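Here is a set of exercises to work through with the model open beside you. Try each task before reading its solution.

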Amino acid sequence: MTAQFKVIGKRRRRVDGRAKVTGKTLFADDLSLPRMLHCKLLRSHLPHARIRSIDTSKAEAHPGVKLVLTGAHFPIPYGILPVSEDEHALQPDRVRFVGDPYAAVIADSEETCVEALDLIEADFELLDTIATPEQALATPEPQIHAYAQDGNIHKTVGFDFGDVDAALAGADRVFEDVLFYEGNTHMPLEQHAAVADLDRDGKLVLWSSTQTPHYVHRALAKALDMNPAHIRVIATPNGGGFGGKTDPFNHEIVVAKAALLLGRPVKICLTREEVFYCHRGRHPVLMKLRTGVDADGNIVGQELSTLLDGGAYGSYGVASTFYTGALQTVTYKIPRYRFRGCRTFTNKPPCGPKRGHGTPQPRFGLEVQLDKIAVALGKNPADLRLQQLAEPHSLTANWLQLGTVGLRECIDKVVDGSGYRDRWGKLPFGHGLGLACSSYLCGAGLPIYWNDMPHSGVQLQLDRSGLVTAFCGSTDCGQGSDDVLAACVAEVLGIDPHDIRVVTGDTDLTPVDLGSYSSRVTLMTGNAAIRAAEQARDLIADAVAADLDVPKHRVVFAGGRVFDAQDPDRGMSFRDAVVRAETKHGTIGTVGSYKPPRTPGKFKGAGVGPSPTYSYSAAVVETRVDPDTGWWDVVKIWIAHDIGTCINRTLVINQVEGGVYMGLGEVMMEESAFRRLPPKRSHALVHKFPSVLEYKTPTALDMPPVVTYLVEDPDANGPFGAKEVGQGPLLPIIPAVANAIYDAVGVRIDQIPIQPEMILRALAAPDKRYGPTAFPAFEVARALTVPPPWDGGDGRATNEPPRRRGPKPGFQPPHPHEGRLKSEASS
């Protein structure tokens, strides 16, 4: 499929690979500036308390201390989503979880900071703690946030796409399951770090290990009440993110404020324990799933309810809630669909986006239930899926526009490779095979704050030396987006990716890119890069055609040369061609930008889920289970991913294997567990494992052999047809393992992570199952009825009240520098 390309699709070393393997890459914590100070945060040891007073006088008098900050220095709240700007850099009046910062010390050294933190005296009034979503539903007071929708319910959402009750009533069989997916965290190699300083003009500069420099830039301007033109954010190379560095964080704002007040550089690098408190990881989700099928197993209707434990702040939580119900419809035909979601506030570190953002949990539920349906109907699980795959270029019941769908070929690849048809249900007791599928976004269809501007922009600078410099605000968080940017430009201009200088993630130098989240960078940055490169190619071709006295359409770019297609010997080097272009047109600079197509859904909430196209994955997992101990491991994995078109085959395979690894961690052992201390020790709700020694993740010894198949079915919306690979391959691994354990020993584990004791309990249980049995009721404030396309709908809800305009009562008004940008709250 990629034979027509010279760069795209080939295996090659990524453009930033040499610096990383030789240790020349400078991360945020590697930065050291003259006269630099250090910062440490004082974090709450209580899960929920009102701050009566803070005495910082002893800390301020401590030798070496330059500044002590408290919440009084940060009166303006901020947050990643305009609908939930509920954070302060330091808490001014209340702490909401163990680890919530309320003071900071800036001093000559980290050691001095720690000494001074111990001298800060605070008086707290203890408040009751909300520990679980069920408790949050039952306990409206005390409210963790006054702006909550109701009591401690942060947000409820609800949709009916067609008459689901009638569909279920007419089904031949209805299957109902309650499942639970435990929360877990990102575990990047690099801790969060940031350095702030003032440039020679007195303007603020922040270097940070962020995935979203544009949103950090906006948050700084708001929280510090500054003109954003006087702020520069530089995203440093990033030692992994996985969604854990997509929020604006309090430590970034604190060091920025300190640098402004002191006129000196200030640095902070969180400890590993503090990274657990930052969190923003996977939401724990309790799910109830009801699916009606006909006699052949075809889905006729489905309803899904999700209950999310959001932790203490909003973060991306509203979007996460929508995502737990948005993508159920993009893999299989679901003609009638109902979704109810509820996110609650609890006194724990706030949850947010982690690889797959809100979708691994319901995907686990759906794929496990499909396995149960297949078994109950006596069908092969692969056949059950293949008979009802979503159609390419179709609309779903919830008005998502699909592009190419390579899922059939993905299933065929892993089924054939693993011998699934011959081996499923036939292996010796204790050995099993499990199949599961998934799909994921190739970039969110809408920005985090409403606007009509591009989601990604690329500028190219070409000079007479032949150098091409590509400027883009995208952030390489390890996934290889710098390489994608260079490869797209190189393919168009016929040069080598390593001949391109890439400048990314600098808000002073690069056009805005919204950041590394929702698997958007390859598609959006790639398209913007192609458009900028095509403009440059056009200018150069115009000049070379005149020089060679040939028609412009005969000018070809390849192999570092520009030449006549009919007489390849007549041409010149790329550098000489750029000189000709500069002579004819003047200084060569081009731009390209990208904005996703409009979503066909027009109802409130339709903005979460649309994507220019969707990737697809299928996996077969082979497990081995010891029925005497419950201990299990994975023997081998076969995974196929619909990548559209590979940009760099080496990077794509590495991303697939990385997703497999992370999925295994979530299903095998990872969990963000909490426990309550006894009353004599404050009765606090504390993180059980804020340590990499205790928080278990797989090692290399836990990683099984992985066979990867890449399915290339180019999509017209992707750059050269490419789709995402950063998040999708994680999703099928978790349910495939659960299904394989059933095939091995005949028990259903409807809870993640799957621990040996669960298997033993299930083996002893009459129903051969382990998992939750009840789902609490909650009221959805305003469920919308949206007829699906085949019911004559037009994408609107039939019962939607007029949209509210203007700010939500009680909310901080937009910062004046935000101009005409509207809050997502008005969507």
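The exercises below go from a sheet and its helices to helix pairs, a strand pair and some backbone details.

This is a predicted model, in which local features need pLDDT of at least 70, side-chain atom pairs count only at pLDDT 80 or more, and totals for chains, interfaces and linings use all residues. Residues are numbered from 1 along each chain as its sequence is written, and side-chain values use heavy atoms, with hydrogens and water left out.

**Exercise 1. The seven-stranded sheet**

Task: Trace the order of the strands in the open sheet of seven, and find its edge strands.

Solution:
- Begin with the naming: strands (E, at least two residues) and helices (H or I, at least four) are DSSP runs, numbered from the N terminus.
- Two strands pair if DSSP finds at least two bridges between them.
- Reading across the open sheet gives β3-β5-β1-β12-β9-β10-β11, and the pairing is mixed.
- β3 (65-70) and β11 (231-235) are the edge strands, since each pairs on one side only.
- From one strand to the next, the twist averages 20 degrees.
- For a look at one pairing, take β9 (residues 193-198) and β12 (residues 266-269), which are antiparallel over four bridges. Here Ala194 has Ile268 of β12 as its bridge partner.

**Exercise 2. Helices on the sheet**

Task: Which strands do α3 and α6 touch, and how many residues of α6 are buried?

Solution:
- Contact means heavy atoms within 4.5 Å. Axes are lines fitted to C-alpha atoms, for helices over the stretch in contact, and angles run from 0 to 180 degrees between N-to-C directions.
- α3 (residues 110-117) packs on the sheet and touches β1 (37-43), β3, β5 (101-107) and β12; its direction makes about 30 degrees with that of β1.
- α6 (residues 213-223) also packs on the sheet, touching β10 (204-208) and β11, and its direction makes about 150 degrees with that of β11.
- Now the burial: a residue is buried under 20% relative accessible area, exposed over 50% and partly exposed in between (1.4 Å probe, protein chains only).
- In α6, 11 of the 11 residues are buried, so the helix is largely enclosed by the rest of the structure. Among them are His214, His217, Arg218 and Lys222.
- The cover over these buried residues includes β10, β11 and α7.
- Just after α6, Asp225 has a positive phi of about 55 degrees.

**Exercise 3. α15 and its two partners**

Task: How does α15 pack with α14, and how with α16?

Solution:
- α14 (residues 481-493) and α15 (residues 521-548) pack at about 30 degrees, and their axes are 8 Å apart.
- That angle makes α14 roughly parallel to α15; the classes are roughly parallel under 35 degrees, roughly antiparallel over 145, roughly perpendicular from 65 to 115, and oblique for the rest.
- α14 contributes Ser481, Val484, Leu485, Cys488, Val489, Val492 and Leu493 to the contact, while the α15 side includes Ala529, Ile530 and Ala533.
- An α-helix has 3.6 residues a turn, so residues three or four places apart point the same way.
- By class, this contact of α14 with α15 has 11 nonpolar, four polar and two charged residues.
- Turning to the other partner, α15 and α16 (residues 574-585) pack at about 90 degrees, with axes 8 Å apart. That makes α15 roughly perpendicular to α16.
- Residues in this contact include Leu539, Ile540 and Val544 of α15 and Phe574, Ala577 and Ala581 of α16.
- The contact of α15 with α16 has eight nonpolar, one polar and four charged residues.

**Exercise 4. The two faces of β23**

Task: Which residues of β23 form its covered face, and which residue stands opposite Gly589?

Solution:
- In β23 (residues 588-594), the covered face consists of Ile588, Thr590, Gly592 and Tyr594, and the uncovered face of Gly589, Val591 and Ser593.
- β17 (residues 456-462) runs antiparallel to β23, and seven bridges join the two.
- Opposite Gly589 stands Gln461.

**Exercise 5. Backbone details in loops**

Task: Where do Pro142, Pro753 and Phe242 lie?

Solution:
- Pro142 is in the loop between α4 (133-138) and β7 (153-161); a cis peptide bond joins Glu141 to Pro142, with omega about 0 degrees.
- Pro753 is in the loop between β30 (751-752) and α19 (756-764), and a cis peptide bond joins Ile752 to Pro753.
- Phe242 is in the loop between β11 and α7 (250-262). Phe242 has a positive phi of about 60 degrees although it is not a glycine, and Phe242 is partly exposed at 31% relative accessible area.

Terms used:
Ala, Val, Leu, Ile, Met, Phe, Trp, Tyr, Cys and Pro count as nonpolar, Asp, Glu, Lys and Arg as charged, and the others, Gly among them, as polar.
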